[in-house]
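Here is a short tour to read with the structure open beside you. We will go from the strands to the core and then to the pocket.

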Amino acid sequence: MPRQNTAGSPDPRTLPPEAVHTDPRGRIVTLPPFDTAGTTVIESEPGAVRGNHYHRHESHLMYVVSGRMIYIEEDAEQRISVAEIGPGQCVVSPRGVAHTTVFPERTVFVTLSDWDRRGRRYEDEVVRVAPLEDRPEVAPYLEGIGELVRWRQG
C-alpha cells in the first residue's frame, strides 16, 4: 500500500531507492540523498511499537531491509497518515512531526539521521506524544498484528 497523505494522493516522503543494481553476486541499493550525521540499524520483533515522539532538531530517513513496518504520522492539524513500508522502501520523518512505527513481523531497518544521536543527545531532543497507534483511524492498519509490545520511559 503506498503511503497516502491526508488528501489521498501519494506522499512524497515515501521514497524508492535512487538505484538498484543487480548481478549474479547480489544487489547494490543506492538510497536517496539525505544529509547524514549518524546511521543506526534497528531490529524489531513482531508487534513492537517504536516512536510516539517527535524530534526538536532531527529528521531521519528509515530504509526497510527486511520485514515491514506500519508508519504513522500526525501533522500539525492532528490529522493522521498511515503507510505500510516494505523491503526496499524508505520514508522520511521530518523534524517536529510526531511519528511512530508498528512492526507486524520481524523487521530490520536502517535509520539515517541528520542529527548526532550519540549519548544523551537523542533522548534530550525527543518529545514524547500520546500513542498514535491508539487513534481509531489507525485500527484498520493494525488488524491481525496481535498484542503490541510497547516500551514506556519511566
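## The open sheet

In this predicted model, 5 strands come together as an open sheet, in the order 1-9-6-11-4, and their pairing is antiparallel. At the edges sit strand 1 (14–15) and strand 4, each of which pairs on one side only.

Strands of a sheet pair through backbone hydrogen bonds, either parallel or antiparallel. For a closer look, try strand 6 and strand 11: the two run antiparallel and are joined by 6 bridges. If you would like one pair to find on screen, pick tyrosine 63, whose bridge partner in strand 11 is valine 110.

## The chain as a whole

How many helices and strands does the protein chain have? The count is 2 helices and 12 strands. Along the sequence they follow the pattern β-β-β-β-β-β-β-β-β-β-β-α-β-α.

The protein chain has 154 residues, and 42% of them count as buried. Among contacts with a separation of 6 or more, 76% are between residues 24 or more positions apart.

## The nonpolar cores

The largest nonpolar core holds 12 residues: Val49, Ile70, Ile72, Ile80, Val82, Ala98, Val102, Leu132, Val138, Leu142, Ile145 and Leu148. Strand 7 (69–74), strand 8 (80–85) and strand 10 each give two or more residues to this core. Another core lies apart from it and has 11 residues, including Met62, Met69, Ala83 and Ile85.

Leucine 132, one of the residues of the largest core, is a good place to zoom in. Leaving aside residues up to four places away in sequence, leucine 132 touches Asn52, Ile72, Glu74, Ile80, Ala98, His99, Thr100 and Val138.

## The largest pocket

Now for the open space. The largest pocket encloses about 620 Å³. It is lined by 24 residues, and those closest to its centre are Arg50, Gly51, His53, Tyr122 and Arg128. By type, the lining divides into 9 nonpolar, 9 polar and 6 charged residues.

Which strand gives the most to the lining of this pocket? That is strand 5, with 5 residues. The elements that each supply at least two lining residues are strand 4 (38–44), strand 5 (49–55), strand 6 (60–66), strand 10 (98–102), strand 11 (107–113) and helix 1 (121–125). Some of these names will be familiar by now: strand 4, strand 6 and strand 11 belong to the open sheet, and strand 10 contributes to the largest core.

Technical notes. Residues numbered from 1 in each chain as written. Predicted model: local features only at pLDDT ≥ 70, side-chain atom pairs only at ≥ 80, totals over all residues. Heavy atoms only, no water. 1 Å grid on protein atoms, 1.4 Å probe; cavity = no way out; pocket = protein on both sides within 12 Å on 5 of 7 lines; lining within 4 Å. Points joined across faces, edges and corners; volume = space filled by probe spheres on them. Helix = DSSP H or I, 4+ residues; strand = E, 2+ residues; numbered from the N terminus. Nonpolar A, V, L, I, M, F, W, Y, C, P; charged D, E, K, R; others polar. Core = buried A, V, L, I, M, F, W, Y, C linked by side-chain atoms within 4.5 Å. Buried < 20%, exposed > 50% of the residue type's maximum accessible area, 1.4 Å probe, protein only. Contact = heavy atoms within 4.5 Å. Pairing = 2+ DSSP bridges.
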